[in-house]
Amino acid sequence: MSAHRRIVLIAIAGALIISTSAPLVRLSGVSPATSALFRCAYAVPPMLLLAWAERRRLGPLPRRALLMSWAAGVVFALDLLFWHHAIEYVGAGLATVLGNLQVFIVAFAAWALFGERPSTPLMIGTPVVFAGVVLISGVFDSAAYGSAPGLGVLAGVATSLSYAAYLLLLKGGSDRAAGPLAHATVVATVAVALLSPLFGGAGFVPEWPAHGWLLLLALGPQVLGWSLITYSLPRQPAALTSLLLLVQPMSTVAVATLALGERPSVLQLAGCAVVVLGVLYGSRRSPSPRPAEAGRR
């Protein structure tokens, strides 16, 4: 198996594991801020152990990697707080679809920051995706699923902005996996605790069985899933990683339907399909010019 294919499979495995995140949040039944706090807090000990083992092999993280990991932790805290509210407003499946618009955000951020002009398919796909978002919001749908679909869309878009920043910061910091993720997780834990009063407040006293689900959330998606994704990030283009992460929303919609009994309306499911098709099309590379045309202006 080629190294490239192995990295792709690692990224897909990570995406499949984190696709269980939203259903586990719903199963815990706790407030959004509480689930965001403890998914990070419970993940800190195993992440520190993995980071210690990595440090023994490779030495300490460079200062730049440390600073970018800390910044990633702050935006990851915002990502979780917004996303867990989106789950509450519009359900696990739809919230995960809305939280995965980072493909476009990463591409346009690269244009602004690095001068990498988006491809023609990306420019065409952008309005298609936002049409899908409107369908998910339930604006034209009296049968829309969720307690507040409109707020769910706003929270989902905020999630995607934070998620894109998190991916870019982790990719740009270091080619290691455990160290940057451990630092980001510790900072995210503190940041969620500090920001939680602005997001409805967090409960700090563990209760069973809610915290059994949160422990599973921390050890599965947070530690194992994100370790695999963090490993793959610096080893392939950011746009490709973002595309591979689309495995997550479709898997989550399926799990939420089967395990949680979520029943999005027909228009909302159509919106999911439009979003995914738009992102898939937008992530395509424009055809390379033929040799005879390469010099034309």
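**A walk from an enclosed helix to aromatic pairs**

In this predicted model, the buried residues of helix α3 are covered by surroundings that include α2 (21-28), α4, α5, α10 and α11. Helix α3 itself spans residues 32-41, and because nine of its ten residues are buried, it is largely enclosed by the rest of the structure. Reading along the helix, the buried residues are P32, A33, T34, S35, A36, L37, F38, R39 and C40. To follow this reasoning, it helps to know that a residue counts as buried when its relative accessible area is under 20%.

Two of the helices that help to cover α3, namely α4 and α10, also appear around an open space in the model. The second largest pocket holds about 230 Å³ of space, and of the 14 residues that line this pocket, the closest to its centre are A51, R55, L61, G179 and H183. Helix α4 (44-58) and helix α10 each supply at least two residues of the lining, and the largest share, five residues, comes from α4. In chemical character, the lining of the second largest pocket divides into eight nonpolar, three polar and three charged residues.

Helices α5 and α11, which are likewise among the elements covering α3, lead on to the aromatic side chains. A search of the whole structure finds six aromatic pairs. In one of them, the ring centres of F76 and W226 lie 6.2 Å apart and the ring planes stand at 75 degrees, so this pair is edge-to-face. The pair links distant parts of the chain, since F76 belongs to helix α5 (residues 63-90) and W226 to helix α11 (residues 210-232), 150 residues apart. F76 is buried, with a relative accessible area of 2%, and W226 also counts as buried, at 4% relative accessibility.

Another pair joins F82 and F199, whose ring centres are 5.4 Å apart and whose planes are at 80 degrees, so this pair too is edge-to-face. This pair also links distant parts of the chain, with F82 in helix α5 and F199 in the loop between α10 (178-195) and α11, 117 residues apart. Here F82 is partly exposed, with a relative accessible area of 26%, whereas F199 is buried, with a relative accessible area of 15%.

Finally, it is worth returning to F76 and W226, because these two residues form one aromatic cluster together with Y163 and Y166.

Note on methods. Residues numbered from 1 in each chain as written. Predicted model: local features only at pLDDT ≥ 70, side-chain atom pairs only at ≥ 80, totals over all residues. Heavy atoms only, no water. Phe/Tyr/Trp six-rings, centres within 6.5 Å; stacked < 30°, edge-to-face > 60°. Helix = DSSP H or I, 4+ residues; strand = E, 2+ residues; numbered from the N terminus. Buried < 20%, exposed > 50% of the residue type's maximum accessible area, 1.4 Å probe, protein only. 1 Å grid on protein atoms, 1.4 Å probe; cavity = no way out; pocket = protein on both sides within 12 Å on 5 of 7 lines; lining within 4 Å. Points joined across faces, edges and corners; volume = space filled by probe spheres on them. Nonpolar A, V, L, I, M, F, W, Y, C, P; charged D, E, K, R; others polar. Contact = heavy atoms within 4.5 Å.
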